[in-house]
Amino acid sequence: MAQMIEKMNIGEGSLEQKIDGAIIKLPTKMLFAQGSADIINSDSMLFLKRVSDIIAMLPKNVEVIVKGYTDTTPLPSGSKFQDNLELSTARANAVIRVLVRNGIAKDRLSSAGYGDTKPLASNDTAEGREKNGRVEFTMRISGPDGSAKKESILDTLNTINKKIE
């Protein structure tokens with residue numbers, strides 16, 4: 001998976017591999033302007049197309065959860081969002097809509113917004129706030145009943161990687 005991501009050139013994003021899945025983390029500045037849930041430019045759309053291509057290569061029993069997070073920066077006066085929780089949810093849903101437009105089946109996707117409730121770093125510094133404002137793509141294998149299977153997604157991803165080499 002890491003090699004696939006590297007080949008796709010994800011820029012400032014990161015990949016975290018776990019036994020039951022993989023997580024791609026992107027800083028929100030790659031996709032959104034401050035305080036906005038509108039995807040900002042064609043580069044962002046191209047990047048999401050690359051993520052869609054990765055998802056499309058995965059077996060149909062791999063589900064993708066798109067999670068939105070913000071830092072603690074207050075929203076500007078007059079924002080259409082009530083709070084950072086609502087903003088993070090809108091961002092996750094905006095990404096889902098792009099993935100669907102790129103051909104990913106809706107039943108493989110879900111979204112969640114966490115606002116500023118799960119920081120990775122201190123919000124006291126610009127670097128910390130940048131880490132906290134992120135979009136994560138969590139990919140995991142699910143069974144026929146919708147539960148996560150014990151099978152390692154890493155084995156599945158390694159098999160796919162061998163096929164594309």
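Five helices and five strands make up the protein chain. This is a predicted model, so keep that in mind throughout. From the N terminus on, the order of elements is α-β-β-α-β-α-β-α-β-α. The chain has 165 residues, and buried residues make up 45% of them. Now the contacts. Take those in the chain with a separation of 6 or more: residues 24 or more positions apart account for 67% of them.

Let's start with two helices. Helix H2 covers residues 42-57. How do H2 and H3 pack, at what angle and how far apart are their axes? The angle is about 65 degrees, and the axes are 9 Å apart. The crossing of H2 past H3 is right-handed. Who makes the contact? From H2 come Met 45, Leu 48, Val 51, Ser 52 and Ile 55. From H3 come Val 95, Val 98, Leu 99 and Arg 101. Sort the residues of this contact by type, and you get seven nonpolar, one polar and one charged.

Stay with H3, which runs over residues 84-101. Asn 84 sits in this helix. Is Asn 84 buried or exposed? Its relative accessibility is 10%, so Asn 84 counts as buried. Its side chain reaches two backbone oxygens. One belongs to Asp 71, at 3.3 Å. Another belongs to Thr 73, at 3.1 Å. Beyond its neighbours within four places in sequence, Asn 84 is in contact with Thr 70, Asp 71, Thr 72, Thr 73, Leu 75, Gly 115 and Asp 116.

Thr 70 is on that list, so let's go there. Thr 70 lies in the loop between strand S3 and H3. Thr 70 counts as buried, because its relative accessibility is 5%. Which backbone nitrogen does its side chain reach? That of Asp 116, at 3.4 Å. Leaving out neighbours within four places in sequence, Thr 70 has contacts with Asn 84, Leu 87, Ser 88 and Arg 91. Gly 115, Asp 116, Asn 132 and Gly 133 are also among its contacts. One more distance here: Thr 70 and Pro 27 are 43 residues apart along the chain, and their C-alpha atoms are separated by 9.7 Å.

Next, the aromatics. The count comes to one aromatic pair. Its rings belong to Tyr 69 and Tyr 114, with centres 5.1 Å apart. The planes are at 15 degrees, which is under 30, so the pair is stacked. Where are the two partners? Tyr 69 lies in strand S3, and Tyr 114 lies in the loop between strand S4 and helix H4. Those parts are 45 residues apart in sequence, so the pair ties them together. What about burial? Tyr 69 is buried, because its relative accessible area is 4%. Tyr 114 has 24% relative accessibility, so it counts as partly exposed.

Tyr 69 also leads us to an arginine. Arg 134 is in contact with Tyr 69, and it also touches Lys 67 and Gly 68. Its contacts beyond four places in sequence also include Leu 26, Pro 27, Thr 28, Lys 118 and Leu 120. Arg 134 is found in strand S5, which spans residues 134-141. Is this arginine, Arg 134, buried or exposed? Arg 134 is buried, with a relative accessible area of 4%. A polar atom of the Arg 134 side chain lies 3.0 Å from the backbone oxygen of Asn 132. Now compare sequence and space. Arg 134 and Thr 28 are 106 residues apart in sequence, yet 4.6 Å apart in space, C-alpha to C-alpha.

Last stop, another arginine. Arg 108 lies in the loop between H3 and S4. Arg 108 is buried, at a relative accessible area of 6%. Which backbone oxygens does its side chain reach? The backbone oxygen of Pro 59 is reached at 3.0 Å. That of Val 62 is reached at 3.1 Å. C-alpha to C-alpha, Arg 108 and Val 62 are 7.1 Å apart, with their positions 46 residues apart in sequence. Leave aside neighbours within four places, and Arg 108 is in contact with Ile 55, Leu 58, Pro 59, Lys 60, Val 62, Glu 63 and Val 64. Ile 55 brings us back to the start: this residue of H2 is also part of the contact with H3.

Conventions: Residues numbered from 1 in each chain as written. Predicted model: local features only at pLDDT ≥ 70, side-chain atom pairs only at ≥ 80, totals over all residues. Heavy atoms only, no water. Helix = DSSP H or I, 4+ residues; strand = E, 2+ residues; numbered from the N terminus. Buried < 20%, exposed > 50% of the residue type's maximum accessible area, 1.4 Å probe, protein only. Polar contact = N/O pair within 3.5 Å; in protein donor to acceptor, adjacent residues only side chain to side chain. Contact = heavy atoms within 4.5 Å. Axes fitted to C-alpha atoms, helices over the stretch in contact; angles between N-to-C directions. Left-handed = near helix turned anticlockwise from the far one by under 90°. Nonpolar A, V, L, I, M, F, W, Y, C, P; charged D, E, K, R; others polar. Phe/Tyr/Trp six-rings, centres within 6.5 Å; stacked < 30°, edge-to-face > 60°.
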